Amino acid sequence: MKVLVAYFSQTGNTKFMAEKIAEGVSQVAECDLMDIRDVDVRQIRTYDLIGVGGPAIGAEADIVKRFVYSIPLVGGQMAFLFNTHGSLPRRYFPEAIRRMKDREFNVIGWMGFYASVGIQCFPSPYYTDGHPDDQDIADAIQFGKDMVDRAERVANGAVELIPEVPPLEPPKPYSLPHTAKGNEDAVGIHGDRHYDPSKCLYPKCHICMDNCPEGFIDHSKGEFGSHGTICKTNECCLCEQLCPTGAIYIPDDEIQFGLNFLKEHHDFFEATLAQEEAEGKFRRLVPVDQVGWDTPQIMRRDNGELPKVKPLRINKPNKTFKPSEK
Ligand SMILES: Cc1cc2nc3c(=O)[nH]c(=O)nc-3n(C[C@H](O)[C@H](O)[C@H](O)COP(=O)(O)O)c2cc1C
């Protein structure tokens with residue numbers, strides 16, 4: 001059996017777990033492991049099974065959605081999904097499985113993994129820090145092996161092994177300001193990215209251009225952002241996290257807004273994780289009273305140095321993924 005494990009990873013967690021899943025797959029099958037931006041979607045049919053993974057950003061990151069939409073219809077090819085997340089991934093699989101089914105994939109399994117969260121305004125330490133731990137790693141290796149085993153059995157007719165597609169999630173009990181209908185101009189909970197050309201080192205530095213998952217930055221053409229001169233898309237914040245001079249920044253009032261919003265809703269995170277812990281699905285490595293609400297991650301750099309707070313494992317600069325023609 002020939003398997004492709006394809007992933008997108010912004011801060012390195014999903015890449016790490018994709019490697020572990022691929023390790024498990026490789027014990028029982030032939031396996032290619034690739035960043036989705038390096039996958040030629042026309043080659044996907046040459047695999048017996050593909051795995052697609054990414055971080056939970058609500059559901060999948062936009063770049064993962066675009067990758068899936070760009071795959072030519074596959075006529076029942078088998079696939080599995082995985083993600084890493086920071087405790088609220090509930091929309092991910094219900095939506096991602098349906099998107100894969102739209103491309104005619106037969107989705108035979110999925111698995112989510114707790115992981116740390118590196119983003120503005122979130123408390124540091126955060127509830128899920130310390131994950132993925134050794135148990136998560138062992139689970140990922142086993143998951144890779146299990147998916148191959150299941151794919152072989154399904155191919156031999158054991159369709160009853162395919163789990164039922166989970167129902168779509170009802171909306172969260174609170175409404176995020178930026179997602180409220182008709183409220184596109186509102187600031188996101190992690191703030192919006194602004195750009196100050198006077199601080200930018202381009203063309204000497206182009207780390208933001210090389211890493212923008214959406215391809216929204218091209219300083220050679222004076223282009224920055226999803227909405228005119230600011231960026232709201234996906235709230236990925238990656239450019240702001242990487243910029244060594246503070247040329248890409250989230251204004252203080254927007255950071256404070258995000259912080260207040262999250263603090264106000266901390267009981268929601270706690271209730272969710274307490275339930276997962278009670279059900280044996282979450283191993284708590286940071287005691288709840290040590291979660292750093294008073295020491296939030298404020299990742300601001302203006303000293304010309306690369307990030308120190310939670311260093312990102314930066315994706316290699318490679319071509320920005322381009323959706324194929326329909
Ligand atoms: C912009 C952004 C939004 C996120 N939104 C969610 C979310 O809705 N639910 C969740 O459980 N985790 C969320 N997270 C946490 C990530 O899913 C988690 O840190 C993941 O492991 C990151 O994977 P990566 O390191 O491969 O990029 C978010 C992280 C970022 C950067």
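Helices are DSSP runs of H or I with at least four residues, and strands are DSSP runs of E with at least two, both numbered from the N terminus. The structure described here is a predicted model.

## Surroundings of the ligand

With these terms, the shell around the ligand can be traced to its elements: helix 1 (13-26), strand 3 (49-57) and strand 5 (78-85) each contribute at least two residues to it. The ligand is surrounded by 24 residues, and the closest of them are Ser-9, Gln-10, Asn-13, Thr-14 and Pro-55. Sorted by class, this shell consists of 10 nonpolar, 12 polar and two charged residues. Both domain 1 (2-161) and domain 2 (178-255) take part, each providing at least three residues of the shell.

## Helix 1 and helix 4

Helix 1, already named as a contributor to the ligand shell, also packs against another helix. Its axis and that of helix 4 (residues 134-155) come within 7 Å and cross at roughly 45 degrees. An angle from 35 to 65 degrees counts as oblique, and helix 1 and helix 4 are therefore oblique to each other. Their crossing is right-handed.

On the side of helix 1, the contact is made by Met-17, Lys-20, Ile-21, Ala-22, Glu-23, Gly-24 and Val-25. Helix 4 meets them with Ile-137, Ala-140, Ile-141, Gln-142, Phe-143, Gly-144, Lys-145, Met-147 and Val-148. The residues of this contact divide into 10 nonpolar, three polar and three charged.

## Backbone features in loops

Two cis peptide bonds and one positive phi angle are listed below.

| Feature | Residues | Angle | Loop |
|---|---|---|---|
| Cis peptide bond | Ser-124 and Pro-125 | omega about 0 degrees | Pro-125: between strand 6 (106-114) and helix 4 |
| Cis peptide bond | His-131 and Pro-132 | omega about -5 degrees | Pro-132: between strand 6 and helix 4 |
| Positive phi | Ser-87 | phi about 110 degrees | Ser-87: between strand 5 and helix 3 (92-102) |

Pro-125 lies in the loop that runs between strand 6 and helix 4, and Pro-132 lies there as well. Ser-87 has its positive phi although it is not a glycine. The loop that holds Ser-87 follows strand 5 and leads to helix 3; strand 5 is also one of the elements that supply the shell around the ligand.

Key:
Residues are numbered from 1 along each chain as its sequence is written. This is a predicted model: local features need pLDDT of at least 70, side-chain atom pairs count only at pLDDT 80 or more; totals for chains, interfaces and linings use all residues. A residue is near a molecule or strand if its C-beta atom, placed from the backbone, lies within 6 Å of it. Ala, Val, Leu, Ile, Met, Phe, Trp, Tyr, Cys and Pro count as nonpolar, Asp, Glu, Lys and Arg as charged, and the others, Gly among them, as polar. Domain bounds come from an automatic or database domain assignment. Axes are lines fitted to C-alpha atoms, for helices over the stretch in contact, and angles run from 0 to 180 degrees between N-to-C directions. Angles under 35 degrees count as roughly parallel, over 145 as roughly antiparallel, 65 to 115 as roughly perpendicular and the rest as oblique. A crossing is left-handed if the near helix is turned anticlockwise from the far one by less than a right angle, and right-handed if clockwise. Two residues are in contact if their C-beta atoms, placed from the backbone, lie within 7 Å.
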